[in-house]
Amino acid sequence: MSTPHASTPEGLGFDPDALRARYRAERDRRIRPEGSEQYQRTTGAFGYYVDDPYTTPVLGREPLNDRVDAVIIGGGFGGLIAGARLRQAGVQRIRVIEKAGDFGGTWYWNRYPGVQCDIESYIYMPLLEEVGYMPRWKYAPGEEIRQHAQAIGRKFELYDDACFQTEVTRLHWDETDHEWIVHTDRGDRMAARYVVVSSGPFSRPKLPGIPGIENFRGHTFHTSRWDYGYTGGDADGNLHKLADKRVAVIGTGATAIQCVPPLGRDARHLYVFQRTPSSVDVRANRPTDPEWAASVTPGWQRRRRDNFLAHVAGGGAEEDLVADGWTTSARLLQTFVPGGGDSEVPPEELGRLAELADFTKMNEIRARVDATVEDGATAEALKPWYRYMCKRPTFSDTYLPTFNRPNVTLVDTAGQGVERITENAVVVGGVPYEVDCVIFATGFDIGVPPAERAGLDVRGRGGITLAEAWKDGPKTLHGFYSHGFPNFFHLGTLQNAVSVNFVHVLDEQALHVAEVVAEARKRQARYVEPTAEAQAAWVATIRAKARNAERFLAECTPGYYNNEGRPSGRSESYGGGPIEFHELIARWRTDGDMGEVIVG
Ligand code: NDP
């Protein structure tokens, strides 16, 4: 590899200007005037796409009319960790309300064949030491993760008061009794001192707005509602009922990268419809080393998570405990990862070096396609032409070789997407590909605020809705709570810090919320609520520290990372990055006297 300081194409081994021009051209031909509006929501006539295929609905349970200490909306890892941390803080009656039939959130819904977590299991799966569990693989299969979610539910006795197959519809703050009144679609009316919303960024599947999509007469489903009744098999594969079926997969994001190999193995014929190729890096999964597992000492998970975060979001650390695609790419790209880089290098030079490192990484990714895929035209179409973090990087050792199978066809749409769907075919470039089944691997509605995503009608003091209070943009203290909405906490991405190991971030958030609640209870307070001043100061901090990611994102190929090619220009993330943010909130808890929140 050439040194990043070389500046001529000869010295570098590639021509940065040519790559920049190629990236720009690939982006330009994908920009759509309708942006995010191009997608079809899974509501109304398309609502059946989100029906739960995994749990039989329980009809007609008696509505609840009772009082609990805390209601948690969402039973994924965010809600489970919040429940665990509140339990550790001494809160007794905790009710998780979840629309699915059990805990797990994204891991409840996503059971497609090949489903696996891209983040190392030892740092991704939460509360391993508390539950006393060691994952079996470096990258855990979805089923193991789902079972771990259930184990957390059992360990922290969150099943006792949980309401599954139930959706919160509205909630309002009762000023007299200082509690929330929570209504659900089951006719429940519950009073709760505290409410925590953790509805997850991936909870609403979306479909492509392809003309004619409603006309298809064959079988169809979204990857997050896998129909094993139709395909046969399970998440380990063996989709034996597809042996005589022609199957279409639409989309080639992180989900498709995982489900295409088992589909390719088992379907009579598989057509993969591609608009933009993903970057596909080395997976190298392996079973957990029993000697290592026996050698870990208390606090090991936190140390490992912090070490990973230092690599992917900070200035690095001497040791790389996880040592995988994320950390090695981050080491290479450190200069462009938020919070990384050497402050003595002028910013422009840092930007130039980051871009060179990025070109180098993406050249490696493209070379891997050439080395794996036998057909030249197919290999060419599978190469991604954009910067590494423009789209979610993916990792697989089986996706690219699947295209060497005679029964698998890549249908590249040259960045335009599928043209049309008819009664029995998917049409691209005027050519109909007749299929029996269409599987949509087209992702989720992202970027919707948590309460809105959960479809919540939230009314705080004076009956003000959250939508009214936030009409000029979100207003929170540290992303967790808002003035006028006492004892109402959000977990998620808004006005706090994010990282690729999102469950780590959720754990830091849940710890914070639980400690605030514990302190309020110690003071025998009925509510906590940020002052308007503290909230305004935090919003100003978010604005002041916002990184200008817009220039970077504007050059990216469209996707949910850049609002489909229209970066909003206003970041709602803490620009100092997650490490600084976690330190900031920890200091706030230990040094302050909670003066920025009203404790009543
Ligand atoms: P994505 O949003 O990442 O991918 C959707 C795919 O559908 C894209 O390839 C998109 O193309 C394609 N598409 C959309 N419209 C059309 C159209 N009209 N014609 C053809 N193709 C179309 O969804 P995923 O479900 O793959 O992933 C969502 C997120 O879930 C990931 O980003 C990741 O964060 C998470 N995930 C995590 C995993 C893990 O291991 N931790 C595993 C799987 C998912 P285009 O790119 O051109 O828009």
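Which backbone N or O atom lies 3.1 Å from a nitrogen atom of the ligand? Here are a few friendly notes that answer this and look at the spaces around it.

1. Before you start: this is a predicted model, where local features need pLDDT of at least 70 and side-chain atom pairs count only at pLDDT 80 or more, while totals for chains, interfaces and linings use all residues. Residues are numbered from 1 along each chain as its sequence is written, and side-chain values use heavy atoms, with hydrogens and water left out.

2. The atom in the opening question belongs to Val418, and its partner is a nitrogen atom of the ligand. Such a pair is a polar contact (N or O atoms within 3.5 Å). On its own the ligand has 920 Å² of accessible area (Shrake-Rupley method, 1.4 Å probe), and the protein covers 91% of that.

3. Side chains take part too. A polar side-chain atom of Thr276 is 2.6 Å from an oxygen atom of the ligand. For Arg275, an N or O atom of the side chain lies 2.8 Å from a ligand oxygen atom.

4. Now look at the whole shell, meaning residues with a heavy atom within 4 Å of the ligand. There are 26 of them, and those that come nearest are Asp118, Thr255, Thr276, Lys391 and Tyr560. By class, 12 are nonpolar, 10 polar and four charged; Gly counts as polar in this scheme, and Tyr as nonpolar.

5. Helix α9 (residues 254-266) gives the most to this shell, with three residues. Helices here are DSSP runs (H or I, at least four residues), numbered from the N terminus. Domain 1 (35-42 + 208-283 + 351-440) and domain 2 (67-204 + 446-530) each supply at least three shell residues; the domain bounds come from an automatic or database assignment.

6. Next, find the second largest pocket, with about 550 Å³ of space. A pocket is an open set of points on a 1 Å grid with protein on both sides within 12 Å along at least five of seven lines, and its lining residues have an atom within 4 Å of a point. Among the 26 lining residues, Gly114, Val115, Gln116, Gln258 and Thr398 are closest to the centre. Again α9 gives the most, here with five residues. Because both domain 1 and domain 2 give residues to the lining, this pocket lies between them.

7. Finally, there are two cavities of 30 Å³ or more; in a cavity, a 1.4 Å probe fits but cannot get out. Tyr49, Ile213, Phe216, Thr220, Ile421, Val438 and Phe440 line the second largest one. This lining has six nonpolar residues, one polar and no charged.

Terms used. A polar contact is a pair of N or O atoms within 3.5 Å; within protein, one must be able to donate a hydrogen and the other to accept it, and residues adjacent in sequence count only if both atoms are side-chain atoms. Helices (H or I, at least four residues) and strands (E, at least two) are DSSP runs, numbered from the N terminus. Grid points are joined across faces, edges and corners, and a volume is the space filled by probe spheres set on the points.
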